[in-house]
Amino acid sequence: MAERKAARREVEVICKGCGARIRSSAGLDSLGFREITCPDCLQHRILPLKWGYRITYWVFLGLYVYGFVLAIQSGNHQRDILSGIGGVFILISLLLRAILKDFKILYQQRKTG
Ligand SMILES: [Zn+2]
């Protein structure tokens, strides 16, 4: 177990609180975000998504919207469309949550430099 942890690629970030260099091999959470806590000032920080994750989320969201538009155009019964939305609702809400969280982190980063 410890070996597997050590094999993870470390990231190096500069702490916004105290300027210390932090090396972290923190794992990704369920949405692909990496959380880092500075050992010096204990400031907690979440890194934005990696591009791979971000692109994947947007592609999925795009496919979903595309499928939705196709379903409407094909004249499916409204109830079928609604049940389709219900079926992937959890997935979509996860996608939106990840995308919004990513935006928030990027925005905060931009604001604080
Ligand atoms: Zn710090």
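How many helices and how many strands does the protein chain have? In this predicted model, the protein chain holds 3 helices and 4 strands. Followed along the sequence, these elements come in the pattern α-β-β-β-β-α-α. Buried residues account for 4% of the 113 residues in the chain. As for how the chain meets itself, contacts between residues at least 6 apart in sequence can be considered: 41% of them join residues at least 24 apart.

The strands can be taken in pairs, beginning with E1 and E2. Strand E1 covers residues 11–14 and strand E2 covers residues 21–24, and the two pair in the antiparallel sense over 4 bridges. Two of the facing positions help to locate this pairing on the structure. Glu 12 has Arg 23 in E2 as its bridge partner, and Val 13 stands opposite Ile 22 in E2. Together E1 and E2 form a hairpin, with 6 residues between the strands. In the turn of this hairpin, Gly 19 has a positive phi of about 80 degrees.

The next pair is E3 and E4. Strand E3 spans 34–37 and strand E4 spans 44–47. These strands run antiparallel and are joined by 4 bridges. Here Thr 37 stands opposite His 44 in E4. The hairpin of E3 and E4 has 6 residues between its strands, and Leu 42 lies in this loop. Leu 42 is worth a second look: its phi is positive, about 65 degrees, although Leu 42 is not a glycine. Is Leu 42 buried or exposed? Leu 42 has 10 other C-beta atoms within 10 Å, so it counts as exposed, the limit for that class being 12 or fewer.

Cys 41 is also found in the loop between E3 and E4. Cys 41 counts as partly exposed because it has 13 C-beta neighbours inside 10 Å. Which residues does Cys 41 touch, once those up to four places away in sequence are set aside? They are Cys 15, Gly 17 and Cys 18. Cys 41 can also be placed relative to Ala 20: the two are 21 residues apart along the chain, and their C-alpha atoms are separated by 8.9 Å.

Attention now turns to the helices. Helix H2 runs over residues 51–73 and so contains 23 residues. A simple check on its length is possible. At 1.5 Å a residue, H2 should span 33 Å, and its end C-alpha atoms are indeed 33 Å apart, so the expected and computed values agree. The expected span comes from multiplying 1.5 Å by one less than the number of residues. H2 is hardly covered, since the count of buried residues among its 23 residues is 1. Just after H2 comes Gly 75, which takes a positive phi of about 75 degrees.

Helix H3 follows, made up of residues 78–112, and Leu 94 is found in it. How many other C-beta atoms lie within 10 Å of Leu 94? There are 15, and Leu 94 is therefore partly exposed, as a buried residue would need 20 or more. Leu 94 can be placed relative to Tyr 57 as well. These two residues are 37 apart along the chain, and their C-alpha atoms are separated by 9.4 Å. When viewing the helices, it helps to recall that an α-helix has 3.6 residues a turn, so residues three or four places apart point the same way.

Terms used. Residues are numbered from 1 along each chain as its sequence is written. This is a predicted model: local features need pLDDT of at least 70, side-chain atom pairs count only at pLDDT 80 or more; totals for chains, interfaces and linings use all residues. Two residues are in contact if their C-beta atoms, placed from the backbone, lie within 7 Å. Two strands pair if DSSP finds at least two bridges between them.
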